[in-house]
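Student: Could you take me through one part of this model closely, starting from a single residue and working outwards? I would like to see how its surroundings fit together.

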Amino acid sequence: MTDLAPSAARPSLNLQRPTHVAIMGDLVSSQDAGSVADLHAAFNRAIDAANLDAGTTMTSPLTITLGDEFQGLTQTFEDGLAILRDVQARLLIQGVACRFVLGVLRLETPVNSERAWNMMGPGLAASRARLTDKRDANAYRFHLPGQPALETLMEAVGASLSEIEQGWTARQREVALASRWESATGLAQRLNISLQTLYKIRRAARFEFYGRQWRALETAVETLDEIYGLTR
């Protein structure tokens, strides 16, 4: 399987034009899990919930392909990143680490809208190869042919996110991730802590800086969709 041909700027509007974005993930050190049954249940809950939330933004739904790997397709990087972040949050809050890749591809077989398998096209193999590089501790990887500068910058932001997440205590992780969906007041009440304590935990978790890194990636994927001509 060949990869997408690189180009200096916008991909040419010929057969090399990308059609989709692959989301792939692989649980980290799943073989070391204390309870395989608990890990399997947490993994399936995260994937099922992400698919339900994503709805029609998933061209081919997130599908567990092996015991600890999954993949899916979207039509845009913007949708792909949002789904990736959702899955990561759902796994991390349960203490499950995962590495991801978002990669652009050109699908040359029919879309399988039921399960993300039995499809082929340039870009899939390269994205998979980037995901399976276990020498890299970065949880957020990208395959962006023709855009080496953006790929490098986005992976640097991903490495920053990874370092922050790896440094969290269990409480910091709980507060930082739940703060995406819950108000500070509501979260403090649910956790039975004061607002002052909540903000202290968020500062220790580098919550504001963490959010800035995600916003940087969100801006970058909007640019990528324009470059590659990807639309929903």
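Tutor: Happy to! Let's start with glutamate 155, which counts as buried because its relative accessibility is 13%, below the 20% cut-off. Please keep in mind throughout that this is a predicted model.

Glutamate 155 sits in helix H4. Leaving aside residues up to four places away in sequence, glutamate 155 touches Arg130, Asp136, Asn138, Tyr140, Arg141 and Phe142. There is also a longer-range neighbour to look at: leucine 217 is 62 residues away in sequence, yet the two C-alpha atoms are 9.4 Å apart in space.

Among those contacts, Arg130 deserves a closer look. Side chains of opposite charge can pair when their charged atoms come close. Arginine 130 and glutamate 155 form a salt bridge, with 2.6 Å between the closest N and O atoms. This pair ties together distant parts of the chain, since arginine 130 belongs to helix H3 and glutamate 155 to helix H4 (residues 148-167), 25 residues apart. Both partners, arginine 130 and glutamate 155, are buried.

Helix H3 takes part in another such link. Glutamate 69 and arginine 128 meet through their side chains in a salt bridge, 3.0 Å from N to O. Here the two ends are 59 residues apart, with glutamate 69 in strand E3 (residues 69-74) and arginine 128 in helix H3 (residues 124-131). Glutamate 69 counts as buried, as its relative accessibility is 14%.

For a contrast in sequence separation, turn to helix H5. Arginine 171 and glutamate 174 both lie in H5, three residues apart, or about one turn of the helix. Their side chains meet in a salt bridge of 2.9 Å, N to O. Arginine 171 counts as partly exposed at 35% relative accessibility, and glutamate 174 is partly exposed too, at 24%. Back at our starting residue, salt bridges with shared partners join Arg130, Asp133, Arg135, Asp136 and Glu155 into one network. Over the whole structure, a search finds 12 salt bridges.

Now follow glutamate 69 into its strand. E3 runs antiparallel to strand E2 (residues 58-66), and five bridges join the two. A hairpin of two residues connects E2 to E3. Within this pairing, threonine 63 stands opposite glutamine 71 of E3.

Strand E3 also brings us to the aromatic residues, of which the structure holds seven pairs. Phenylalanine 70 and phenylalanine 100 make an edge-to-face pair, 6.0 Å from centre to centre with 70 degrees between the planes. The two are 30 residues apart and link distant parts of the chain: phenylalanine 70 is in E3, while phenylalanine 100 is in strand E4 (residues 98-105). Phenylalanine 70 is buried, with a relative accessible area of 0%, and phenylalanine 100 counts as buried at 0% as well. A second edge-to-face pair consists of tyrosine 210 and tryptophan 214, at 6.5 Å between centres and 80 degrees between planes. These two are four residues apart in helix H8, so about one helical turn separates them. Both are buried, tyrosine 210 with 5% relative accessible area and tryptophan 214 with 1%. One aromatic cluster gathers Phe43, Phe70, Phe100, Tyr140, Trp168, Tyr210 and Trp214. You have met Tyr140 already, as one of the residues that glutamate 155 touches.

Phe70 leads on to the nonpolar interior. In soluble globular proteins, nonpolar side chains tend to be buried together. In this model the largest nonpolar core has 49 residues, and Leu62, Phe70, Phe77 and Val87 touch the most other members. Helix H8 (residues 207-228) supplies the largest share of this core, nine residues. If we set aside residues up to four places away in sequence, phenylalanine 77 has contacts that include Val21, Leu102, Val104, Leu144, Val221, Leu224 and Tyr228. Separate from this is a second core of 10 residues, including Ala22, Met24, Ala116 and Leu124.

So the path from glutamate 155 runs through its salt bridge with arginine 130, and Tyr140, which glutamate 155 touches, shares an aromatic cluster with Phe70.

Terms used. Residues numbered from 1 in each chain as written. Heavy atoms only, no water. Salt bridge = Lys/Arg side-chain N within 4 Å of Asp/Glu carboxyl O. Buried < 20%, exposed > 50% of the residue type's maximum accessible area, 1.4 Å probe, protein only. Core = buried A, V, L, I, M, F, W, Y, C linked by side-chain atoms within 4.5 Å. Contact = heavy atoms within 4.5 Å. Pairing = 2+ DSSP bridges. Phe/Tyr/Trp six-rings, centres within 6.5 Å; stacked < 30°, edge-to-face > 60°.
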